[in-house]
Every structure is written in structure tokens, then in C-alpha cells.
Amino acid sequence: MTELPFFLRDGEAFLPQASGRGPWNPDSLHGRVVIGLMGHALETAFGSEDFIPARLTVDMYRLPNFDPIEVRTTLVREGGRIRMAEAELLSGGKSSAKASCQFLRRTENAPGKTRSPRDWDAPHPDSIPDPDPSQAPMGRMWAVKPIKGGFGAEGDRQVWMREVRELVGGVALTPFQRVAVAADFASPFAHASSDQGLGYINTDVTVYLHRLPASEWIGFQSVNHQATDGVAVGECWLHDPEGSIGFASCAALAQRRTPR
């Protein structure tokens with residue numbers, strides 16, 4: 001990776017960098033780097049090879065600014081098959097987000113046939129040409145390779161996404177952290193309209209994983225958007241080149257951007 005990271009480490013603090021600036025307010029961080037940092041902290045503190053982080057939920061109730069960030073982690077329960085952990089993110093000493101992560105022990109699948117949606121038929125990301133660099137979204141906050149539809153397009157929307165930056169400077173992204181920092185994309189991909197763009201800011205993200213990605217590329221397939229009285233819910237299925245890995249869902253509020 002040659003791009004500047006989203007955070008630098010200073011002792012116990014994480015120092016936000018300009019690369020993590022969000023779209024709603026020029027003085028606040030992007031939700032995706034908040035989610036990614038929570039996932040990083042929880043996996044670093046409690047992750048292990050024999051457990052998979054099967055569910056990560058992050059509630060975002062205050063936009064963090066560029067003050068130093070502290071993430072406090074807590075082990076809620078250590079069991080033989082379930083490990084439960086929580087985290088709180090403080091920006092400038094103010095609580096801005098909380099997260100919970102459920103780690104489940106790897107065993108073997110139960111016998112019997114069950115019904116699952118048919119996996120998507122998507123070309124491998126290596127077979128898709130790189131898009132025009134001038135069209136890169138969010139100042140190259142990520143790399144994308146459109147498959148079908150696109151941001152705000154009507155009908156089916158499918159895209160490959162790959163992180164182009166380290167989350168924390170000098171620390172390689174793990175497969176779980178790649179999903180965590182990408183998961184916030186479920187909100188704009190599900191909620192953006194074809195004529196007005198994105199008019200919702202998500203207040204949470206929940207990621208469910210039945211396995212970790214085997215590739216740097218994460219595939220998003222928008223499958224649901226519903227909204228009433230300015231409150232929306234959305235969902236995207238998640239893939240890697242080998243198939244399904246899980247899904248991401250979010251709640252959102254109608255929102256206008258702060259002028260830059």
C-alpha cells in the first residue's frame with residue numbers, strides 16, 4: 001500500500017489523518033474508518049485462529065472529529081464456543097460509537113440440506129479493467145471495479161471493492177479488518193437514489209460473516225432499501241471471488257451535507 005493510512009498510532013491513542021475525512025461534514029471522520037477501527041481493536045484484543053468474528057455491530061451516535069481517538073475494549077464473556085466483546089470509541093474524550101462483536105468457535109457444519117440464495121454470477125475482479133483513476137470515489141479512499149449497475153443506479157447493483165490504505169499506519173490489514181472497514185459502503189450502495197444521489201447517513205452497521213474473505217477484493221450486492229418518514233434500512237450481500245462470505249445491514253436517517 002502506498003496511500004496514507006487512516007490513523008497513526010501514538011501510544012494508546014489513534015491519530016486521525018485527512019484521508020479519513022467523511023462526506024457529511026469536513027470536520028468529521030468517515031463512518032467506515034470508525035467501523036474499521038472498532039473491528040481492528042476488537043480483533044487485536046480478542047481474536048484467535050479457532051474463533052471467527054461472526055457478527056460485528058457498530059452504533060455511531062456522534063460524528064468523531066480529528067481529535068485523538070481512544071478505543072476501550074471489554075471482554076463480556078469467554079465461553080467454550082462463544083466469545084463476546086464490546087468496545088467504545090472516544091473522540092476528544094467524548095463517546096462517539098460503541099461496538100459489540102460475537103466470536104464463534106470453528107467446528108463443522110450440521111448435516112442436512114438447507115435453502116440458500118443462489119450465489120451471484122460475477123466476473124473475477126482480475127478480469128475487469130481498472131476504471132479511469134479520475135473517477136475514483138472519495139479521493140481514492142478505496143478501489144472499485146463495477147460489475148452491474150453502480151452507485152445510485154436503478155436496478156441491480158454489484159461492485160468489487162478493495163482497500164488501498166492501511167487502517168492504522170504500519171499495521172497490515174487482516175481479512176476481518178478488510179471487511180470491517182469496507183462494510184459502511186453497504187449504506188450508500190443500498191440507499192443512494194438514481195436522481196438525487198445519497199440522502200441518508202447511516203447510524204449503524206452490522207456485519208454477519210460465515211467465513212473470512214480469501215481475497216483483498218470484497219464484492220457488494222445491494223439487495224434491499226426501505227424508507228419511511230426519513231428512516232431507512234438497507235442490506236448488501238458480501239462476497240469474495242470464491243463466493244458468499246455474509247452480509248451487511250444498516251439503519252439510516254435522511255440527512256443533508258454540511259457545506260465545505
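Colleague: Why is Phe189 called buried?

Modeller: Let's set the value against the cut-offs: buried means under 20% relative accessible area, exposed means over 50%, and partly exposed is in between, with a 1.4 Å probe and protein chains only. Phe189 has a relative accessible area of 1%, so Phe189 is buried. Before we go on, please keep in mind that this is a predicted model, where local features need pLDDT of at least 70, side-chain atom pairs count only at pLDDT 80 or more, and totals for chains, interfaces and linings use all residues. Residues are numbered from 1 along each chain as its sequence is written, and side-chain values use heavy atoms, with hydrogens and water left out.

Colleague: Where is the place of Phe189?

Modeller: Phe189 sits in helix H3. Helices (H or I, at least four residues) and strands (E, at least two) are DSSP runs, numbered from the N terminus. From Phe189 to Val223 there are 34 residues in sequence, and their C-alpha atoms are 9.7 Å apart in space.

Colleague: What makes Phe185 and Phe189 a stacked pair?

Modeller: A pair of aromatic rings is described by the distance of the centres and the angle of the planes. Rings of Phe, Tyr and Trp (its six-membered ring) pair if their centres lie within 6.5 Å; planes under 30 degrees apart count as stacked, over 60 as edge-to-face and the rest as tilted. By this rule there are 6 aromatic pairs. In one of them, the centres of Phe185 and Phe189 are 5.1 Å apart and the planes are at 25 degrees, so this pair is stacked. Ring pairs also link Phe185 and Phe189 with Trp142 and Phe220 into a cluster.

Colleague: How do you know whether Phe185 is buried or exposed?

Modeller: The same kind of value decides: Phe185 has a relative accessible area of 7%, so Phe185 is buried. Phe185 is found in the loop between H2 and helix H3 (186-191). Its C-alpha atom and that of Val58, 127 residues apart along the chain, are separated by 14 Å.

Colleague: Why is helix H2 called largely enclosed?

Modeller: Helix H2 covers residues 175-182, and 7 of its 8 residues are buried, so H2 is largely enclosed by the rest of the structure. Among the buried residues of H2 are Phe176, Gln177 and Arg178.

Colleague: What makes the reach of helix H1 close to the expected one?

Modeller: The expected span of a helix is 1.5 Å times one less than its number of residues. H1 (residues 31-46) has 16 residues and reaches 23 Å from its first C-alpha to its last, close to the expected 22 Å. H1 is also mostly covered, with 14 of its 16 residues buried. One residue of H1 is Val33; Val33 has a relative accessible area of 0%, so Val33 is buried.

Colleague: How do you know whether Asp229 is buried or exposed?

Modeller: Asp229 has a relative accessible area of 78%, so Asp229 is exposed. Asp229 lies in the loop between strand S11 (217-228) and strand S12 (231-240). Phi of Asp229 is near 55 degrees, a positive value in a residue other than glycine.

Colleague: What lies over the face of Phe51?

Modeller: Arg83 lies over the face of Phe51, at 4.2 Å from the ring centre. A charge sits over a ring if NZ of Lys or CZ of Arg is within 6 Å of the ring centre and within 35 degrees of the ring normal.

Colleague: How do you know whether Ile201 is buried or exposed?

Modeller: With a relative accessible area of 14%, Ile201 is buried. Ile201 lies in strand S9 (residues 200-202). The C-alpha atoms of Ile201 and Val231 are separated by 9.8 Å, although the two are 30 residues apart along the chain.
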